[in-house]
Amino acid sequence: MVVRVPTGLVTTRDLTIAGVAVPSGTVLDNPQIISIQKLDALLGKGWIAPLEDPYWRRNPIGTPQPMDLAPVIRDAMMEAQHDVVLTLTVTPDEANRKRFTVSVALGNGPYVFSWGDGSTSTVTGTSSTRTYAAYGTYSVSVVDENGATGSASIVSNAVPDAPTSLVATPGNTTASIAFTAGAANNAAITNYQYKINSGSFVSFSPADIATPVVVTGLTNGVLVSIVLRAVNSVGQGATSAAVTVTPSAG
């Protein structure tokens, strides 16, 4: 006798379902054969004989009696379902680094998503999209109608905002540039870059993330225009407004 069970259930730890040992990693797929002996153990009494449809149960000292096995299988599968870990796939939107689509690979909808920012949503499909109000790291979780759960981490970040309020102080072939750092956008600033006039951006070496930064190699008496931008793990940030300075030997 075989019993057909729902597709996609996987045990994630050793279980005992109504007295039956079910090892971790057991795939309960369709079709999955559940033996007469296992059903017998699930019932915990008598023995089961597949006489005809519907299934029948025979007590050791009794006569065959009709029995609906569906509640037994349903209860066992519901218990197993609670121990399934749902698989979540997080897909970021590169055009808007605050927006993410989260897809569920296992489980039975509808799904309730908790987005880690205090909001929840219930969806009947297998995916849902969330746009966050701020950059940050969020712990997302989902639960399906059978109580199975899953979780994933979402990291929403972007390049830094532009430095502001630049003030240049001339030195001997140098310029000291004080500034107010722009927002790092959930990815720490690791260095700054500067550009003189219409040249290319140059990274400070060694890396410098504190105000003021000092630009060297200038020519005394020659007016220059300098801009700054910050760098983080995402990339180069927005460029600041320019500040002008004329280096002097004093």
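This section describes two nonpolar cores and a three-stranded sheet in a predicted model.

The largest nonpolar core of the predicted model comprises 18 residues. Within this core, I177, F204, V215, I226 and L228 have the most contacts. Two or more residues are supplied by each of β15 (164-171), β16 (174-180), β17 (191-196), β19 (213-215), β20 (224-231) and β21 (243-245). Of these elements, β20 makes the greatest contribution, giving four residues to the core. The surroundings of F204 were examined with residues up to four places away in sequence left out of the count. On that basis, F204 touches N191, Y192, Q193 and Y194, together with V213, V214, V215 and L228. Two of these partners, V215 and L228, are themselves listed among the residues with the most contacts inside the core.

A second core, separate from the one described above, contains 16 residues. Its members include F100, V104, Y111 and W115. In soluble globular proteins, nonpolar side chains tend to be buried together.

Both F100 and V104 lie in strand β9 (residues 99-104), along which the side chains alternate between two faces. F100, V102 and V104 point to one face and are buried. R99, T101 and S103, in contrast, point to the other face and are not buried.

Strand β9 also takes part in an open sheet of three strands, arranged in the order β8-β9-β12 with antiparallel pairing. The edge strands are β8 and β12, each of which pairs on one side only. From one strand to the next, the twist averages 20°. Strands of a sheet pair through backbone hydrogen bonds, in either the parallel or the antiparallel sense.

On one side of β9, the pairing with strand β8 (residues 88-92) is antiparallel and extends over five bridges. These two strands, β8 and β9, form a hairpin in which six residues lie between them. Two positions of β9 illustrate the register of this pair: P92 stands opposite F100, and V90 stands opposite V102. Both F100 and V102 belong to the buried face of β9.

The pairing of β9 with strand β12 (residues 127-131) is likewise antiparallel and spans five bridges. Here, S127 in β12 is the bridge partner of S103, a residue of β9 whose side chain points to the face that is not buried.

Definitions and conventions. Residues numbered from 1 in each chain as written. Predicted model: local features only at pLDDT ≥ 70, side-chain atom pairs only at ≥ 80, totals over all residues. Heavy atoms only, no water. Core = buried A, V, L, I, M, F, W, Y, C linked by side-chain atoms within 4.5 Å. Buried < 20%, exposed > 50% of the residue type's maximum accessible area, 1.4 Å probe, protein only. Contact = heavy atoms within 4.5 Å. Pairing = 2+ DSSP bridges. Axes fitted to C-alpha atoms, helices over the stretch in contact; angles between N-to-C directions.
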